[in-house]
Amino acid sequence: MGNNNLVEANTAVGNSNGIVVFPNANNNAIRQNVAVGNPPIQQSNSVPTGGGVDIWDQSPASNNNSFAGNMCLTAINAPCPTFAAQAIPRKPGS
Amino acid sequence: MKRLKGSVFAALVAAGLIVSSGIASAEDISGTIVRTLVLSENTRLVGDVTCTVTGGPCIAFGAPDIVLTLNGFTITGPNDAATGCKGTNVGTETGINTNAQSNVGIRGPGVVQRFQGDGILFNGTVKGWVQNVTTTTNCMSGIRIGPTSSGISVESNVAVRNGTPAAACGGI
């Protein structure tokens, strides 16, 4: 990814990585995307050392790339929303 | 004789106008592409496209300020859908390469799939966009903005099952 680009409202599922911001990228906005299930479970199982995440910011913080409102489960140097670790049990009849 | 010369001149002017209007109009493409198709005008798909190009992009922009409209059709490269990448990625074998042209766009809906490199590569482009395109089973990224591109808008696209564990690329 170069400079001053906008990545918005995309869906990335089942790729080796979902969204990648390369080390020299500057001033890019990544927002309102859905990136989940990256890498796919088949790849995670067959190439466990392959790595891969939903969103991966490889650039230093000083490069001013911004992330806002993205839906993801795994990320490096980018925020994902917090989800409950497990469903809250529901009382029968309630 | 003077009248004849005038008629010939008028005919040449008319022919020139026809050629000029031909340049301004859109091109329709479909079928099989065996060597890189270079776009010089607004272009749209009117049917599915199959690419057998090796060593270069399937489609490359050859002029600024033009748009490729997928029109709901699919561009398919030589990769095997079942085996995905066939092993190694080949960076030059992209589906669509903006080829350093500025202010170019790729409009969906449509699918770009099964290329040994990136599905769509913004390469050396200043200002450009891709919207509503699905990229799948490409060996590198589904959509990649190269390091020398800027002012690119990637919006409302879907990337599924792109990339290899060997390279740090993926959906976008």
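## The nonpolar core

The largest nonpolar core has 49 residues. Such a core is a set of buried Ala, Val, Leu, Ile, Met, Phe, Trp, Tyr and Cys residues joined through C-beta atoms within 7 Å. A residue counts as buried if 20 or more other C-beta atoms lie within 10 Å of its own, with C-beta atoms placed from the backbone. The residues with the most contacts inside the core are Ile19(A), Ile55(A), Ile96(B), Ile120(B), Val154(B) and Ile172(B). Strand S8 of chain B, residues 104-113, gives the largest share of this core, 4 residues.

Ile172(B) touches residues of both chains, leaving aside those up to four places away in sequence. On chain A these are Val7(A), Asn10(A), Ala12(A) and Ile19(A). On chain B they are Ser141(B), Gly142(B), Ile143(B), Val154(B) and Ala159(B). Two residues are in contact if their C-beta atoms, placed from the backbone, lie within 7 Å.

## Model and numbering

This is a predicted model, in which local features need pLDDT of at least 70 and side-chain atom pairs count only at pLDDT 80 or more, while totals for chains, interfaces and linings use all residues. Residues are numbered from 1 along each chain as its sequence is written, and chains are lettered from A and ligands numbered from 1 in the order in which they are written.

## Chain B

Chain B has 172 residues, 42% of them buried. Its elements are 1 helix and 13 strands, and the helix comes before the strands from the N terminus on. Helices (H or I, at least four residues) and strands (E, at least two) are DSSP runs, numbered from the N terminus. Of the contacts in chain B with a separation of 6 or more, 60% are between residues 24 or more positions apart.

Strand S3(B), residues 43-51, runs parallel to S1(B), residues 27-33, and 6 bridges join them. Strands pair if DSSP finds at least two bridges between them. S3(B) also pairs in the parallel sense with S5(B), residues 67-69, over 2 bridges, and with S6(B), residues 74-76, again through 2 bridges. Arg44(B) stands opposite Asp28(B) and has Thr69(B) as its bridge partner in S5(B). Val49(B) stands opposite Ile75(B) in S6(B).

## Where the chains meet

In the interface, 29 residues of chain A are in contact with 27 residues of chain B. On the chain A side, strands S1 (6-8), S2 (11-13) and S3 (19-21) each give two or more residues.

S2(A) pairs in the parallel sense with strand S13 of chain B, residues 158-160, over 3 bridges. Within this pairing, Ala12(A) stands opposite Ala159(B).

How values were computed: A residue is buried if 20 or more other C-beta atoms lie within 10 Å of its own, exposed if 12 or fewer, and partly exposed in between; C-beta atoms are placed from the backbone.
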